[in-house]
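This briefing is meant for a reader who is meeting the structure for the first time. Please look over the sequence and the model before going on to the notes, which are grouped by topic.

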Amino acid sequence: MATPRKLAAVRGMNDLLPADAPLWEWFETRVSDWLRSYGYQQIRTPIVETTELFVRGIGEVTDIVEKEMYSFEDKLNGEKLTLRPEFTAGVIRAVVEHNLTYDAPRRVWSIGPLFRHERPQRGRYRQFHQVNVEAVGFAGPDIDAELIVMLARLWKILGIDRVGRVRLELNCLGQADERAKHRTDLIAYLSRHESRLDADARRRLHTNPLRILDTKNPDLAEVVAGAPRITDYLGEASRAHFEGLQSLLHAAGIEFVVNPRMVRGLDYYNLTVFEWITDALGAQGTLCGGGRYDPLIERLGGKSTPGIGFGMGIERVIELLRESGTVTASTSTDVYVLHQGGATQTGAFLLAERLRDAGLDVILHAGDASLKSQMKKADASGAEYAVIVGQAEAEAGAAAIKALRATAPSAPFAEQRIVPLADVPDALVDALTVIETE
Ligand code: ATP
Ligand code: MG
């Protein structure tokens, strides 16, 4: 029989390997503490939703719905389904379905994988992950400002502000009637310059001309720079909202630039949109994008309720963290337990359980090996202490403890010592407390 061929992961979908997991765990712990400090509660929605949800929620003429969704028909019942390409539609579906805003507004957050059929490259994958935050039922610019201030705090918590500058861009997309006037003028302007547009822009000219403004094609930069700006079309209420947001940001000492070309990809945004961008990651520098989506909830069958949220790309933030080199997250254990097989293996097995009862992280050597080779494994595990349950020690009802990383000769167990079995847990807990307070 031929050797079976090795299988590979799907292109653009990555494994998170044990060497990288500590950094993700470090990030996730900080993120959940940070969200709790602003009163956010977690919500977990399914990875698969009906295709209709995303078509209605995101809008038909968007990159995501036009070409990036993993959609399929469930062969068993013919249902049309899609792997979620973003969080907001599913979260709002759940908020409406369970009537979560019936008595008060809600602050909810999610974390998990999203799927988009894009060309894989640095910072752009087909399965990627986001931290997503939604504030549902809040109409004023105060919550817009809170979301932004909250993100500025996260960059500090993560130490990202020290690596490459993370900058904030803001825009106000106004309301539907304001966008309609702008759209008419924009189409007229772009039509006058149609010969200079690329195929993508020409296709969008009459479907979603706003999107042409955030084209990534540098050849269009000049045309786009001369286009009518949405901010010149805002009525009184929209302007007041935008000014309210800006004055709160000024008060909080947050720097930003207003970018009137920033429209964001999704159809459902109104008023405030924003992005946090870094130049330290090459072309895929947007760490986090968000905006207000007051019309969405009604569009998904709920009663009219305002909302705002953002999605943060975890892969990009992690890459920045890795580059900063400031985080030294690792998963080393406290204790590695060695034995000499037979009765000593049983003794070691039970001792390891007792050490875990005492709150220690323990790796018990599995299988047979010489003490010398086990000692090498103990060292490589990163453990602070080796506990040796050898023949002689076991017969004496004891075990030997040896510090693996002590540098000072006076450190506990810098010299290997025999300790009665019953005293081993306390001896190790005390020794580890000394290390932590050093
Ligand atoms: P882009 O313009 O880069 O395609 P987008 O507007 O499609 O971004 P959003 O839908 O706003 O992105 O998603 C919010 C964040 O999620 C992005 O700022 C980015 O950090 C991350 N993100 C989006 N798509 C991907 C992807 N394919 N791979 C990795 N991260 C992604
Ligand atoms: Mg995109």
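**Helix H2 and its surroundings**

Directly after helix H2 comes Gly59, a residue whose phi is positive, near 105°. The model is a predicted one, and the points below begin with H2, then turn to the nonpolar cores and to some individual loop and strand residues.

*The buried side of H2*

- Within H2, the buried residues are Phe54, Gly57 and Ile58.
- Around the helix axis these residues cover an arc of only 80°, and they therefore lie on the same side of H2.
- The elements that cover the buried residues of H2 include strand E2 (48-50), helix H3 (63-68) and strand E4 (80-83), together with H4 and helix H10 (296-299).

*The packing of H2 against H4*

- Helix H2, which spans residues 51-58, packs with helix H4, which spans residues 88-97, at an angle of about 105°, and their axes are 9 Å apart.
- Because angles from 65 to 115 degrees count as roughly perpendicular, H2 and H4 are described as roughly perpendicular to each other.
- On the H2 side the contact is made by Leu53, Phe54, Gly57 and Ile58, while H4 contributes Thr88, Ala89, Gly90, Ile92 and Arg93.
- Sorted by character, the residues of this contact between H2 and H4 are five nonpolar, three polar and one charged.

*A loop residue that reaches H2*

- Leu266 is placed in the loop that runs between strand E8 (257-258) and strand E9 (270-278).
- Although Leu266 is in a loop, it is buried, because 22 other C-beta atoms lie within 10 Å and 20 or more are enough for a residue to count as buried.
- When residues up to four places away in sequence are not counted, Leu266 touches Ile58, Gly59 and Thr62.
- Leu266 and Gly57 are 209 residues apart in sequence, yet in space they are 8.9 Å apart, taken from C-alpha to C-alpha.

**Nonpolar cores**

- The largest nonpolar core has 68 residues, and those with the most contacts inside it are Leu147, Leu151, Leu173 and Met312.
- Helix H5 (residues 141-158) supplies the largest share of this core, namely eight residues.
- Leu147, with its neighbours within four places in sequence left aside, is in contact with Val133, Ala135, Gly290, Ile308 and Phe310.
- There is also a second, separate core, made up of 23 residues, and among them are Tyr336, Ala386, Val389 and Ile401.

**Positive phi in residues other than glycine**

- Leu271, which is not a glycine, nevertheless has a positive phi of about 45°, and this residue lies in strand E9.
- Leu271 is buried, because 25 other C-beta atoms lie within 10 Å.
- Phe413 is likewise a residue other than glycine with a positive phi, here near 60°, and it lies in the loop between strand E15 (398-403) and strand E16 (417-420).
- Phe413 has 20 C-beta neighbours inside 10 Å and so counts as buried.

**An exposed glycine**

- Gly235 is found in the loop that links helix H8 (221-225) and helix H9 (236-251).
- Gly235 is exposed, because 12 other C-beta atoms lie within 10 Å and a residue with 12 or fewer counts as exposed.
- Gly235 and Glu178 are 57 residues apart along the chain, and their C-alpha atoms are separated by 7.1 Å.

Definitions and conventions: Residues numbered from 1 in each chain as written. Chains lettered and ligands numbered in written order. Predicted model: local features only at pLDDT ≥ 70, side-chain atom pairs only at ≥ 80, totals over all residues. Core = buried A, V, L, I, M, F, W, Y, C linked by C-beta atoms within 7 Å. Helix = DSSP H or I, 4+ residues; strand = E, 2+ residues; numbered from the N terminus. Contact = placed C-beta atoms within 7 Å. Axes fitted to C-alpha atoms, helices over the stretch in contact; angles between N-to-C directions. Parallel < 35°, antiparallel > 145°, perpendicular 65-115°, else oblique. Nonpolar A, V, L, I, M, F, W, Y, C, P; charged D, E, K, R; others polar. Arc of directions from axis to C-beta.
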